[in-house]
Amino acid sequence: MLQDEIVEEIHRIRDEYAKSLNYDLNAIFADLRKQQAESGREVVKLPPKRGLTSRWSERSQNSR
């Protein structure tokens, strides 16, 4: 399999970040939220996309 140095570096950095927070998902989430709030960037919340399940259920209802 082809090895990509950039992907390997991203994996290494991500692992170091997770390790610094003891691989605790709650701590990682809280830290990311804190970074987001401190960034000063506007956070845009988009409406959820229609899922594949709802698309298929609409098709079955329309075919009746």
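1. Tyrosine 17 is placed in helix α1. The model is a predicted one, and this residue is a convenient place to start reading it. With a relative accessible area of 25%, tyrosine 17 is partly exposed. Buried would require a value under 20%, so 25% puts tyrosine 17 in the partly exposed class.

2. Which residues does tyrosine 17 touch once its neighbours within four places in sequence are left aside? The contacts are Ile28, Asp31, Leu32 and Gln35. Helix α2 covers residues 25-39, and the contacts of tyrosine 17 are to be read against that range. One of these contacts is polar: the side chains of tyrosine 17 and aspartate 31 are joined at 2.4 Å. For isoleucine 28, the separation from tyrosine 17 is 8.5 Å between C-alpha atoms, with their positions eleven residues apart along the chain counted as the sequence distance.

3. On the overall fold, the protein chain contains three helices and zero strands. Read from the N terminus, the order of elements is α-α-α. The chain has 64 residues, of which 3% count as buried. Its accessible surface is about 6,700 Å², and carbon and sulfur atoms account for 54% of that area.

4. Confidence should be read before the details. The mean pLDDT of the protein chain is 87, and 78% of the residues reach 70 or more. Where is confidence lowest, and where is it highest? The lowest value belongs to helix α3 (residues 52-62), with a mean of 64, and the highest to α1, with a mean of 97.

5. Helix α1 spans residues 5-20. Its 16 residues reach 22 Å from the first C-alpha to the last, close to the 22 Å expected at 1.5 Å a residue. At the start of α1, a side-chain oxygen of aspartate 4 comes to within 2.9 Å of the backbone nitrogen of isoleucine 6.

6. How many salt bridges does the structure hold? There are two, and they link Glu9, Arg12 and Glu16 in a network. In one of them, arginine 12 pairs with glutamate 9, and the closest N and O atoms are 4.0 Å apart. In the other, the side chains of arginine 12 and glutamate 16 meet at 3.0 Å, N to O.

7. The sequence spacing of these pairs fits the helix. Glutamate 9 and arginine 12 are three residues apart in α1, and so are separated by about one helical turn. Arginine 12 and glutamate 16 are four residues apart in α1, which again means a separation of about one helical turn. As for solvent exposure, arginine 12 is partly exposed at a relative accessible area of 43%. Glutamate 9 is partly exposed at 41%, and glutamate 16 is partly exposed at 43%.

8. The loop between α1 and α2 holds asparagine 22 and tyrosine 23. Most residues other than glycine have a negative phi. Asparagine 22, just after α1, takes a positive phi of about 55°. Tyrosine 23 also has a positive phi, near 55°, and is likewise a residue other than glycine. A reviewer may wish to look at both backbone positions in the structure.

9. Are these two loop residues buried or exposed? Asparagine 22 is exposed, with a relative accessible area of 67%. Tyrosine 23 counts as partly exposed, at 45% relative accessibility. The cut-off for exposed is over 50%, so asparagine 22 at 67% falls in the exposed class, whereas tyrosine 23 at 45% falls in the partly exposed class.

10. Helix α2 has 15 residues and reaches 21 Å from its first C-alpha to its last, close to the 21 Å expected at 1.5 Å a residue. At its start, a side-chain oxygen of aspartate 24 reaches to within 3.0 Å of the backbone nitrogen of asparagine 26. After α2 comes glycine 40, with a positive phi near 80°.

Technical notes
Residues are numbered from 1 along each chain as its sequence is written. Side-chain values use heavy atoms; hydrogens and water are left out. Helices (H or I, at least four residues) and strands (E, at least two) are DSSP runs, numbered from the N terminus. Buried means under 20% relative accessible area, exposed over 50%, partly exposed in between (1.4 Å probe, protein chains only). The expected span of a helix is 1.5 Å times one less than its number of residues. A polar contact is a pair of N or O atoms within 3.5 Å; within protein, one must be able to donate a hydrogen and the other to accept it, and residues adjacent in sequence count only if both atoms are side-chain atoms. Accessible areas come from the Shrake-Rupley method with a 1.4 Å probe; for residues, only the protein chains shown count as cover. pLDDT is the predictor's confidence in each residue, from 0 to 100. Contact means heavy atoms within 4.5 Å.
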